[in-house]
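Biologist: Could you take me through the aromatic pairs in this protein, one ring at a time? I would like to see how they sit in the chain as a whole.

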Amino acid sequence: MEVSFTNDTTLIKSLKKGDPKAYTFLVRTYHHKLCVYTYSLTNDSDQSEDIVQNVFVKIWNKRHKLKDDFSVKNYLYKMVYNEFIDQYRKQKITLSLEKKHIEALSTIIEEKDEKSLERLIAIVKQEIDKLPPKCKKTFLLSKEEGLTNIEIAEYLNVSIKTVEAHISKAFVLLRKAVGHKVNGILFLLFGNSKKVRS
């Protein structure tokens, strides 16, 4: 038999105590309503289900931090909206990166020649390996680790101008080897999460 919680305060206190009956009541009372609301934002039933599920999981995981007196319904709707916004932003970033990835590929190889792509990547790897030690370390901290010039300067205990000089030198040498395609190759080499800047 399902337990009914007469008001928000009782429900919240039971949730904070880790009462599974309170969690079950919360899900059964609001799951469908929240899915309907989320679908109005996403127009995607699977995504709506994921968002609502994430919200319920977050509430359970953070139940100890819940305030003793607030509107559960309003809180849930607000959390769902925030979760939707977070996913939307991540999706926009992903789509943007996918676009950059496609552009990088198209600038590297006009004809779809995988061997040519592999050859270019191999050349860039070899050229990076041949860089002077300090230049190579600085360059990899920037491209492989994704550190900013300021972070690299602090990490290596050198000036920002020194960092910029090493990175510029690396790009000059790499451009001599593969020309204007260097940015695209570096983008593919170091993954979508890294910013390729020259």
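Modeller: Happy to! Let's begin with the whole chain: its accessible surface comes to about 12,900 Å², and 53% of that belongs to carbon and sulfur atoms. Please keep in mind that this is a predicted model. Of the 198 residues in the protein chain, 32% are buried. The chain has nine helices and zero strands, so there is no strand to look for as you follow it from the N terminus. Among contacts with a separation of 6 or more, 62% are accounted for by residues 24 or more positions apart.

Now to the part you asked about. The structure holds four aromatic pairs, and I'll look closely at two of them, including the one formed by Y37 and Y77. A pair of aromatic rings is described by the distance of the centres and the angle of the planes. For Y37 and Y77, the centres are 5.0 Å apart and the planes meet at 55°, so this pair is tilted; edge-to-face would need an angle over 60 degrees. Y37 belongs to helix α2, which covers residues 20–42, while Y77 belongs to helix α4, residues 72–108, so the pair ties together parts that are 40 residues apart in sequence. Y37 is partly exposed, with a relative accessible area of 25%. Y77 is also partly exposed, at 23% relative accessibility.

The other pair to look at is Y81 with F84. Here the ring centres are 6.5 Å apart and the planes are at 45°, so this pair is tilted too. Y81 and F84 are both in helix α4, three residues apart, which puts about one helical turn between them. Their surroundings differ in class: Y81 counts as partly exposed at 38% relative accessibility, whereas F84 counts as buried at 15%, because buried means under 20%.

While you are looking at rings, try W60 as well: R63 lies over its face, at 4.1 Å from the ring centre.

One last stop is away from the aromatics. N157 sits in the loop between α7 (149–156) and α8 (160–178). Most residues other than glycine have a negative phi. N157, which is not glycine, has a positive phi near 60°. At 70% relative accessibility, N157 counts as exposed.

Methods
Residues numbered from 1 in each chain as written. Predicted model: local features only at pLDDT ≥ 70, side-chain atom pairs only at ≥ 80, totals over all residues. Heavy atoms only, no water. Phe/Tyr/Trp six-rings, centres within 6.5 Å; stacked < 30°, edge-to-face > 60°. Helix = DSSP H or I, 4+ residues; strand = E, 2+ residues; numbered from the N terminus. Buried < 20%, exposed > 50% of the residue type's maximum accessible area, 1.4 Å probe, protein only. Lys NZ or Arg CZ within 6 Å of the ring centre and 35° of its normal. Contact = heavy atoms within 4.5 Å. Areas by Shrake-Rupley, 256 points an atom, 1.4 Å probe, with all protein chains shown as cover.
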